[in-house]
Amino acid sequence: MRYLLPLAIFACLNASPADKPAGWGPVQYLVGNWTGEGGGGPGQGTGSFSFKPDLQGKILVRKNRAEYPATKERAAIVHDDLMVIYRDTPDAGLHAIYFDSEGHTIRYKVQAPDGSGVVFVSGPEPSAPRYRLTYTRVDQDRLKIKFEIAPPGHAEQFATYIEAGARRSAN
């Protein structure tokens, strides 16, 4: 036990640049806590999410929760999901893997096409839907979110599934 602390200090002092926390480039502005914005009309959901570095800055973890009230047509719905953003190597582009409470797993590549936002897009597969999640920066504390789905066999025919806004929150 007396050697554990000196070994930990030695490891930190001798860490290579690849061992230091990663910069998150185009997704850096997403780090923090966010609360969904909406009109609050019947059937509209509420939600919140966070982007937090983890594993000593090696990954970025997004946790999301959305709640949709019951309507005449369906019961109330709670949707939870988790996304891990990572690099395969320190110099590689960003990737993400997504899991949700409905049993979906989606592998994304992360793009920043114009500097005003970030796009998570899944690869095309002939027999599966393709997904695109876009965060567009409105200002330092607000963003727009758009989730789109393209049907199997039509990889570029995205249709909007959800559009929302979010505001940075303190909690």
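**Figure 1. Strands β9 and β10 lie side by side.** In this view, β9 and β10 run antiparallel and are joined by 8 bridges. Everything shown in these figures comes from a predicted model. To find one of the pairs, start at K144 and look across to β10, where its bridge partner is G165. Strand β10, residues 159–169, also has β1, residues 32–37, as an antiparallel neighbour, joined to it by 5 bridges. On that side, G165 in β10 stands opposite E37. So which residue of β10 stands opposite N33? Look for S169.

**Figure 2. The whole chain, to help you get your bearings.** The protein has 1 helix and 10 strands. Reading from the N terminus, you meet the elements in the order α-β-β-β-β-β-β-β-β-β-β. The protein has 171 residues, and 30% of them are buried. What share of the contacts between residues at least 6 apart in sequence join residues at least 24 apart? The share is 34%.

**Figure 3. Strand β1 pairs with β2.** Here we return to β1, which is joined to β2 by 4 bridges, with the two strands running antiparallel. A good pair to look for is W34 and its bridge partner in β2, F49.

**Figure 4. Two residues with positive phi sit in the loop between β2 and β3.** Most residues other than glycine have a negative phi. With that in mind, zoom in on the loop between β2 (46–54) and β3 (59–68), where L55 is found. The phi of L55 is near 50°, a positive value although the residue is not glycine. Q56 is found in this loop too, and its phi, near 60°, is also positive without the residue being glycine. Are these residues buried or exposed? L55 counts as exposed because its relative accessibility is 54%, and the cut-off for exposed is over 50%. Q56, with a relative accessible area of 70%, is exposed as well.

**Figure 5. Strand β7 is covered on both faces.** In a regular strand the side chains alternate between the two faces of the sheet. Follow β7 with that in mind: G117, V119 and V121 are on one side, V118, F120 and S122 are on the other, and all are buried. In other words, 6 of the 6 residues of β7 are buried. What are the partners of this strand? β7 pairs with β6 in the antiparallel sense over 4 bridges, and with β8, also in the antiparallel sense, over 5 bridges. Towards β6, you can pick out V121 standing opposite K109. Towards β8, the bridge partner of V118 is Y135.

**Figure 6. A hairpin links β6 and β7.** Strands β6 and β7 form a hairpin, with 5 residues between them. Look in the turn for G115, whose phi is positive, at about 85°.

**Figure 7. Nonpolar residues gather in a core.** In soluble globular proteins, nonpolar side chains tend to be buried together. The largest nonpolar core here has 25 residues, and those touching the most other members are V27, Y108, F120, Y135 and L143. Two or more residues of this core come from each of β2, β4 (77–87), β5 (94–100), β6 (105–111), β7 (117–122), β8 (130–139) and β9 (142–150). Centre your view on F120 and look at what surrounds it in space. Leaving aside residues up to four places away in sequence, F120 touches V27, M83, I85, A96, Y108, K109, V110, Y131, R132, L133 and Y135.

**Figure 8. The largest pocket and the residues that line it.** Rolling a probe the size of a water molecule over the atoms shows where empty space is left. The largest pocket holds about 980 Å³ of space. How many residues line this pocket? There are 38, and N64, A66, Y68, H79 and I162 lie nearest its centre. The lining is made up of 16 nonpolar, 14 polar and 8 charged residues.

**Figure 9. A closer look at Y68.** Y68, one of the residues nearest the centre of the largest pocket, lies in strand β3. Its relative accessible area is 27%, so Y68 is partly exposed. Now find V78, which is 10 residues from Y68 in sequence. In space, the C-alpha atoms of Y68 and V78 are 6.3 Å apart.

Conventions. Residues numbered from 1 in each chain as written. Predicted model: local features only at pLDDT ≥ 70, side-chain atom pairs only at ≥ 80, totals over all residues. Heavy atoms only, no water. 1 Å grid on protein atoms, 1.4 Å probe; cavity = no way out; pocket = protein on both sides within 12 Å on 5 of 7 lines; lining within 4 Å. Points joined across faces, edges and corners; volume = space filled by probe spheres on them. Nonpolar A, V, L, I, M, F, W, Y, C, P; charged D, E, K, R; others polar. Buried < 20%, exposed > 50% of the residue type's maximum accessible area, 1.4 Å probe, protein only. Core = buried A, V, L, I, M, F, W, Y, C linked by side-chain atoms within 4.5 Å. Contact = heavy atoms within 4.5 Å. Pairing = 2+ DSSP bridges.
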